[in-house]
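Here are some short exercises to try with the model in front of you. Have a go at each task before you read its solution.

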Amino acid sequence: MRILRPLDVYKYLPQTNCKECGEPNCMSFAAKLVEDRTLAEKCTPLFRDTKYKEKLAKYLESIRPPVKAIQIGVGHNAVNVGGKVVMFRHDLTWHNPTPLALDVHDEMDDATITDRVKFVNDFKYTRIGADLTLDMVAVRCVSKSPEEFCRTVSRVSKLTAKPLILCSYSPEALEEALMAASASRPLIYAATKGNWKELGELALKYKCPVAVSSPGDLSTLKSLAKTLREGYGIDDIVLDPGTGTEGDSFAETLNNFSALRRSAIEVGDVTIGYPLMGIPAAVWLSPDEDENATKIRESVLSSLLMTTYADLLVVHSSDIWVLLAALVWRQSVYTDPRTPPSVKPGIYELGKPDEKAPLLVTGNFALTYFLVKEDAGKIKEPSWLLVADSEATSIESAVAGRKFTVDKIVDAVKESAISEKVKHKSLIIPGYAARLSGELEDALKDWRVFVGPRDSSAIKDFIEKVWKKEMHGEELTKEVLPLDRKKSG
Amino acid sequence: MRASRHIRVSLEPATPGEQRTEFLVPIIPVPTVQPAPSPAPPKVAELIKTDFRYPTFQYPSSVAEVQIGATKREGGSRGKVYKIGGAASLPFWRFDGVAPHLPVVALDTFDLAPPLARPVKEAYKEVLEDPAAWAKLCVEKYEADLPSLHLVSTDPGIKDTSASDAAKLVEDVLQTVDTPIIVGGSGNPQKDMEVFNKVAESTKGERLIFSSLTTDMDIRETVRPMVEYNHDLIALAFMDINQARELCRKSQEAGLPRTQLILDNTTGGLGYGIEYSFSIFQRTRLAALMGEEVFQVPLSSASTNAWAAREAWQKPEVLRPGDSIAPIESWGPRELRGPIWEATTALVLALCGAELFMMMHPLAVKLFRQFGNLIAKSQLEKSLKELRPENWAEAKF
């Protein structure tokens, strides 16, 4: 793997120290750039001023990643695929989260197409402060009719601003569709052993990225890429090594993806230095008797292909339960491993809590904090959230690992001086920390310790049904106590 | 090193007169500017043929093999025994070599059932009060390789079940199943040492797995009965490579051979910290392959932790945001969502080299095997080329 040093970049900068990039001088811009702490295009004079034309070309060449980033689509909704630098995310954050494209085809009825495209447009699931979305639409030519295909592509482009993938092996069908949709820079899928000449011409003529496809035959795949690259001067290429979904071909698929990625990054083979495309939708070529079984295969395959370096995926199922696991895995694996997964311990105000507001205790693992904060926000009244130092691990692990302890909670109570802010002297600890409750009551003397629910989604109910009643001295019926309430065992 | 989002790939205005600044919207770092294109080379008439060679690499080291369970001949009484480990490469890089064994899957059982997600409870509702029957169900009906018996009731804060009662229960379970078992403690360091010692002695020679050794236990004292009575031990580190290194090093220094040690780096479930597990499993395995001896042991994952994520088990009505566009059915039955969540967690870690999995839901196990056994399969028979999936784009589905 090539390690870029500040000087490698500096020599191609204007070296005028103009500060337009926000840095005091060109050298510090170069230093930040190689550490992945600023953006290449922030050196605006280099891109703007024609006198830097040669420098710009060399600059872009010097920072070109081993797997090129290819833009598909235009404007707000454009996606960047590829742009990969490392094999392992612990070496450097993975960039350009794998876009998911949902397929439609030209023999689906209008209502189905509209529903599916709208599903892509509107899909949004907010998780830990980020929106999980679908990114593209793949339009497939099933009819074999260029006119039908073009009609469907035009319809879809009117329905969505998300980037398209035009899928056919017929140059005629693709050209019809490109005449209608090339302005939005779709991905042309796919050049094969049989049609590469025509597809190469189309990619040049319509200035769109093109996928090359050769399932299970990587030498042909590489030959196709090399021919388009060296023979046609095309540099916006996506590779489809084939997605096998049945039996042994599945293992071979993961293997091929990994082999291509290693060749690009560790061997430095520029011929295959392009993003990889996986097709979990291919499970529908061999559906199971039980439709759900096929959907499950598609879900799992999506996550696994993403793990083994797929930079773009085409899926068919439009059920949230099928997509969600893959989307959450994408969100997870593309986070910056340098960012500590923690928030600062201390007292947080949710709303404007007063001396009567409930006091919730949790750990400082970021995921825990965000979930608890979100759920506590659903309680009618404001509340206090006391974050103890669980060493950035979830409550369940932190209790088992002695990172979320009585001492830590006592420290948090003392350091936050929360006893001056609440009158009721009661706190609610997470259900997973139930076994700390007795010892905690001993340590905090005049405090009352409640064991809350294990999952914070039940906090609202807990406050209403348990905490408020207890605090107002009402008798409790056994049914409303959560299972793992203190000393119930 | 630099990252992709700094790159601007070539792009010309798609229609004449279009402002290229339009593409500078900073939603994602979209490349907008290109250097002047070099003149296109003359187009070729024939495919430029070239070979793709698999980029193989020989790692200098490999991982120890750990046997689980011992037959009569070997000094135990198990009908079934397993081996894990022996890997000399990463599992999804078959071109570097394939590990000699399939992953081993344990299903969780408890001497005192904790609150369980409804779909999980449903699978075990007949046996929740009977650990031996529970273990039998896991092995016989749900086809787990072995049960994992968590002795949670031994916790002084819960029921304080004595070490000898715990040992009796373990013996009962061993009478009921023909497989080895994983003996899980309560998480109380002092009590776990006492329980492990007693159980290890009473099951001498059976080569069970004890789970687990943590930094607040006396490493020498915990390791001693494992060596003396021939059992395996899981060292549990909490997503901390230095802690993992220390536990592995100290337990090996205390006399435990690598053929009896398994490392668990802690599994954060999907959407609940899995990325930290992913990277730390990968780092420990790569370090092992590159020659760091203390890490040359099989890896274990408690994939059952996937059930901590609410998306795995909550009702759609609760999960669905108010403004959701999708119909409620689209959230799917919890009976399927949870198993996908658990299987995905296990499979992602299988791709990092984990070879022992503690799981919870029978369907998750089935799913895991469906994919995991393929990843680990020694010889592939049917090739992708034969299956010709290239027609997916034009197929009607």
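**Exercise 1.** Find the place of Lys19(A) in chain A, and decide whether Lys19(A) is buried or exposed.

*Solution.* Step 1: Lys19(A) sits in the loop between helix H1 (6-10) and helix H2 (26-34) of chain A. Helices here are DSSP runs (H or I, at least four residues), numbered from the N terminus. Residues are numbered from 1 along each chain as its sequence is written, chains are lettered from A in the order in which they are written, and this is a predicted model whose local features need pLDDT of at least 70, with side-chain atom pairs counted only at pLDDT 80 or more, while totals for chains, interfaces and linings use all residues.

Step 2: Lys19(A) has 11 other C-beta atoms within 10 Å, so Lys19(A) is exposed. The rule is: buried if 20 or more other C-beta atoms lie within 10 Å of a residue's own, exposed if 12 or fewer, partly exposed in between, with C-beta atoms placed from the backbone.

**Exercise 2.** Locate Glu147(A) and classify Glu147(A) as buried or exposed.

*Solution.* Step 1: helix H6 (residues 146-159) of chain A holds Glu147(A). Step 2: Glu147(A) counts as exposed because it has 12 C-beta neighbours inside 10 Å.

Step 3: the C-alpha atoms of Glu147(A) and Glu176(A) are 7.0 Å from each other, with these positions 29 residues apart along the chain.

**Exercise 3.** How many residues does each chain bring to the contact?

*Solution.* Chain A brings 132 residues and chain B brings 105 residues; two residues are in contact if their C-beta atoms, placed from the backbone, lie within 7 Å. On the side of chain B that touches chain A, H10(B) gives the most, with 8 residues.

Key: Helix = DSSP H or I, 4+ residues; strand = E, 2+ residues; numbered from the N terminus.
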